[in-house]
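Student: I should be grateful for a close look at one single part of this structure. Please treat that part in one connected account, with its setting in the chain.

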Amino acid sequence: MTVDRGQHLERLKQPRDIEQLWIDYVSGLAREAEAHPDREATIVAIGIHPFVVGTPAGAEALRRVVEN
């Protein structure tokens with residue numbers, strides 16, 4: 001699971017940085033799933049908070065992640 005709050009507050013990441021983190025996370029899980037088709041389904045969990053994704057930049061970052 002990846003959560004925006006810790007990245008934003010503790011690591012001073014901006015929405016664009018968090019967007020890339022989420023895309024990298026989901027892409028890595030997808031590669032793992034393709035490499036091991038015999039395994040159970042992969043679940044993606046992303047924690048979001050309104051003070052990060054509730055901003056214009058955050059909302060756009062989340063939109064791009066979902067579209068990706």
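Tutor: Helices are here DSSP runs, H or I, of at least four residues, and they are numbered from the N terminus. In that sense Val26 has its place in helix 2, and Arg63 lies in helix 4. Helix 4 is the part examined below.

The model is predicted, and confidence should be considered before any detail. Over the protein chain the mean pLDDT is 79, with 79% of the residues at 70 or more. Confidence is highest in helix 4, at a mean of 89, and lowest in helix 1 (residues 4-9), at 57. Where pLDDT is low, the predicted coordinates should not be read in detail.

The setting is as follows. The protein chain contains 4 helices and 2 strands, and from the N terminus its elements follow the order β-α-α-β-α-α. Of its 68 residues, 22% count as buried.

Helix 4 covers residues 56-67, and at 1.5 Å a residue these 12 residues should span 16 Å. The end C-alpha atoms are 17 Å apart, which agrees with that expectation.

The buried residues of this helix are Gly58, Ala61 and Val65. Seen down the axis of helix 4, they fall within an arc of 60 degrees, so they line one face of the helix. A general rule is relevant here: an α-helix has 3.6 residues a turn, so residues three or four places apart point the same way. On the other side of helix 4, Pro56, Val66 and Glu67 are exposed. Arg63, also in helix 4, counts as partly exposed because its relative accessibility is 35%, a value between the limits of 20% for buried and 50% for exposed.

The packing of helix 4 can be described next. Helix 2 (residues 15-35) packs with helix 4 at an angle of about 20 degrees, and the two axes are 9 Å apart. Helix 2 is therefore roughly parallel to helix 4, as angles under 35 degrees are so classed. The crossing in which helix 2 passes helix 4 is right-handed.

Two residue pairs add detail on separation in sequence and in space. Arg63 of helix 4 and Glu19 are 44 residues apart in sequence, yet their C-alpha atoms are 9.2 Å apart in space. Val26 of helix 2 and Ala45 are 19 residues apart in sequence, with 9.3 Å from C-alpha to C-alpha. Val26 counts as partly exposed, because its relative accessibility is 31%.

Key: Residues numbered from 1 in each chain as written. Predicted model: local features only at pLDDT ≥ 70, side-chain atom pairs only at ≥ 80, totals over all residues. Heavy atoms only, no water. Expected span 1.5 Å × (residues − 1). Buried < 20%, exposed > 50% of the residue type's maximum accessible area, 1.4 Å probe, protein only. Arc of directions from axis to C-beta. pLDDT = per-residue confidence, 0-100. Axes fitted to C-alpha atoms, helices over the stretch in contact; angles between N-to-C directions. Parallel < 35°, antiparallel > 145°, perpendicular 65-115°, else oblique. Left-handed = near helix turned anticlockwise from the far one by under 90°.
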